[in-house]
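Subject: Structure for you to look at

Hello,

Here is the structure I said I would pass on. My notes on it follow.

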Amino acid sequence: MRAIAAIAINVFRESVRDKVLYNLVAFATLMIGASYLLGQLTAGQDVKIIKDLGLSATSIFGLFIAIFIGIGLVSKEVERRSVYSLLPKPIHRFQLVLGKYAGLTLTLLVNISIMTVAFYAVLIYTAWGVDPVVQEAWDAPALDPALLKAIALIFVELLLVTAIALFFSTFSTPILSAALTFGLFIAGHFSADLRNFDQVLESAAAVRLARGVYWVLPNLAQFDVKTEVVHGLPVTIGYMGLTTAYAFLYTAMLLTFAVYVFSRRDFK
Amino acid sequence: MTAVAATFLVAAIQVQAVRERTYPPLDLDVEAVYVTSGNAVRRLVGAYDGLAADIYWIRAIQYYGGAKRRLDARPALPEPPPMLAAVESSEYEQLFTFLDITTTLDPLFEIAYRFGAVFLAEAHPAGAGRADLAVRLLEKGLVEQPDKWEYMQDIGFVYYWYEHDYRQASAWFAKASEVPGAPVWLKGLAATTLAQGGDRQSSRAMWEAIRQSSEVDWMRATAERLLTQLNVLDRMDEIQARLDALARATGAPPSNWQTVIRAGVFPGVPLDPTGTPYELTPDGRVRLSESSGLFPLPVEPGRATLSR
């Protein structure tokens, strides 16, 4: 465990050295600029749009971090040949993989936490001084704690995407890993269409294949509760529990494969 | 090194300015909508449909505002005879498309339905003059939220104010009143509309209902302005009645306010709520001054046409 923790902290330090946290500056600039402009453009919908923008920006920035750092977690070590100096050390290969994963998870956690604070700060500013009668008409209050549910599920989704990127990183080049990870991300959001192929296909075999692919592909659409939260619709703890459990199990599967592939690689 | 780089940048900007003066950039149609299907846009934006809906909403508002500004800037043309085709304009052509895409991306976007319906239904040049599309948009909202009484009220309003179809308006107000949680005055509004559709009192009742129920400043201000204008119509009726009485007494309609004041009908020239004097035509008719902030007055819906 200590080895995993040490590797994780090293990954986090490397991310900071790579100026990953500068994306927070971009995020804050985007939110502040948007909050100023939106009041002039949106006929009173600035709080709703700030919420949509904040949640989407958190997701997008987090996605870029998960993919562009995740694809290099293992492959960079191989390219720089630093893996040769690591392997002789008393570290198991699975500790290296899990440590890398934990490190990027920590980076994502720090990023998303800071983004959340900035997000709520902008919401406070946007809602400041708004007539209480107008506020009562909003679908959800400006400082709605339910936004944290959406952010939590965004974080859980990013854990899964990071695992996908890390898995590809164990055997593929960074460019191919990025393409495959993006591809799976998009497929994961549209996988529900595969479930309904019986409405457009006549071949029973094709329908069964589509259904099989649907169940195997990561179902990422279920992590998206942005619309529900922005419109004040309930997101139950049960739903969050099941979705999170799915993410953890799928991530565990991906990490198991990643460890297996990395353990079998010959670095001579 | 910084100074050298800055010099190059300044030079590049100067060259660009010269190029734009010499070869002005093409005036592209920035309002073109390349993807008109809401479902297609939804596929393209993936998990970010809420944000995309907001972007299309902003585009819809900018499009509507830009078109209205252009039309307001044009010189006023005389009204065409009713027999001729209505003035056609392509200014609001894309408005329904923007609103349709917005509400497909976010089916719960209430303001897009309600404001959008007003933009669509409002008579040209203030709006698209397409009450049918306004109703279609609101009915689309009801598919997603069948118990949204506000949309039913808005449909009733469109039928009442823009289509003068009081039977349909009453039916929609009645339907809205049956939704649990709907305000109690909707039932009365339905009955009043059916009995007296087109009457100024029923118009007043409806605008008062909108003023009380609207959560948006812009809608409330519009309703308050309409209510003030209806009060002005009442006041003008009163003034006209006294002018007509004077005309019967003197045998000729008064042609100026001095005659009216000398006759003791009014102590001074009557003023409208903005403080602007009413005008008196040479044939003894009172009218609102064009310089008044309440000009033009609304065209009142006709009397109830229950034969429809």
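The two chains meet through 17 residues of chain B and 18 residues of chain A. On the chain B side, α3 (49-73), α5 (110-121) and α11 (217-250) each contribute at least two residues. The largest share comes from α3(B), with six residues. By type, the side of chain B that touches chain A has eleven nonpolar, two polar and four charged residues. Please keep in mind that this is a predicted model.

The chains themselves

Chain A has 13 helices and zero strands, so the pattern along its sequence is simply α-α-α-α-α-α-α-α-α-α-α-α-α. Its C-alpha atoms fill a box of roughly 70 × 55 × 30 Å along the principal axes. Of its 268 residues, 37% count as buried. Taking contacts in chain A between residues at least 6 apart in sequence, 82% join residues at least 24 apart.

Chain B has twelve helices and two strands, and the strands come after the helices in the sequence: α-α-α-α-α-α-α-α-α-α-α-α-β-β. Of the 308 residues of chain B, 33% count as buried. For contacts in chain B between residues at least 6 apart in sequence, the part that joins residues at least 24 apart is 54%.

Nonpolar cores

In soluble globular proteins, nonpolar side chains tend to be buried together. The largest nonpolar core here has 124 residues, and the members that touch the most others are L95(B), L120(B), A134(B) and V158(B). Helix α8 (residues 147-169) of chain A supplies the largest share of this core, 15 residues. Another core, of seven residues, lies apart from it and includes V232(B), L243(B), V260(B) and Y278(B).

What does L95(B) touch, leaving out residues up to four places away in sequence? Its contacts are A60(B), Y63(B), Y64(B), F119(B), L120(B) and A128(B). L120(B) is thus both a contact of L95(B) and, like L95(B), one of the core members that touch the most others.

Places to look at in chain B

Helix α1 (residues 2-22) of chain B has 21 residues, which at 1.5 Å a residue should span 30 Å; its end C-alpha atoms are 30 Å apart, so the two values agree. The number of buried residues in α1(B) is zero, so this helix lies largely in the open.

H164(B) sits in the loop between α7 (149-161) and α8 (166-177) of chain B. It has a positive phi of about 55 degrees although it is not a glycine. Is H164(B) buried or partly exposed? It counts as partly exposed, because it has 19 C-beta neighbours inside 10 Å and the cut-off for buried is 20 or more.

L288(B) is in the segment after β2 (286-287) of chain B. With 21 C-beta neighbours inside 10 Å, L288(B) counts as buried. Leaving out residues up to four places away in sequence, L288(B) touches V232(B), D272(B), Y278(B), L294(B), F295(B) and L297(B). Two of these contacts, V232(B) and Y278(B), are among the members of the seven-residue core. L288(B) and K175(B) are 113 residues apart in sequence, and their C-alpha atoms are 38 Å apart in space.

Regards

Note on methods: Residues numbered from 1 in each chain as written. Chains lettered and ligands numbered in written order. Predicted model: local features only at pLDDT ≥ 70, side-chain atom pairs only at ≥ 80, totals over all residues. Helix = DSSP H or I, 4+ residues; strand = E, 2+ residues; numbered from the N terminus. Buried ≥ 20, exposed ≤ 12 C-beta atoms within 10 Å, placed from the backbone. Contact = placed C-beta atoms within 7 Å. Expected span 1.5 Å × (residues − 1). Nonpolar A, V, L, I, M, F, W, Y, C, P; charged D, E, K, R; others polar. Core = buried A, V, L, I, M, F, W, Y, C linked by C-beta atoms within 7 Å.
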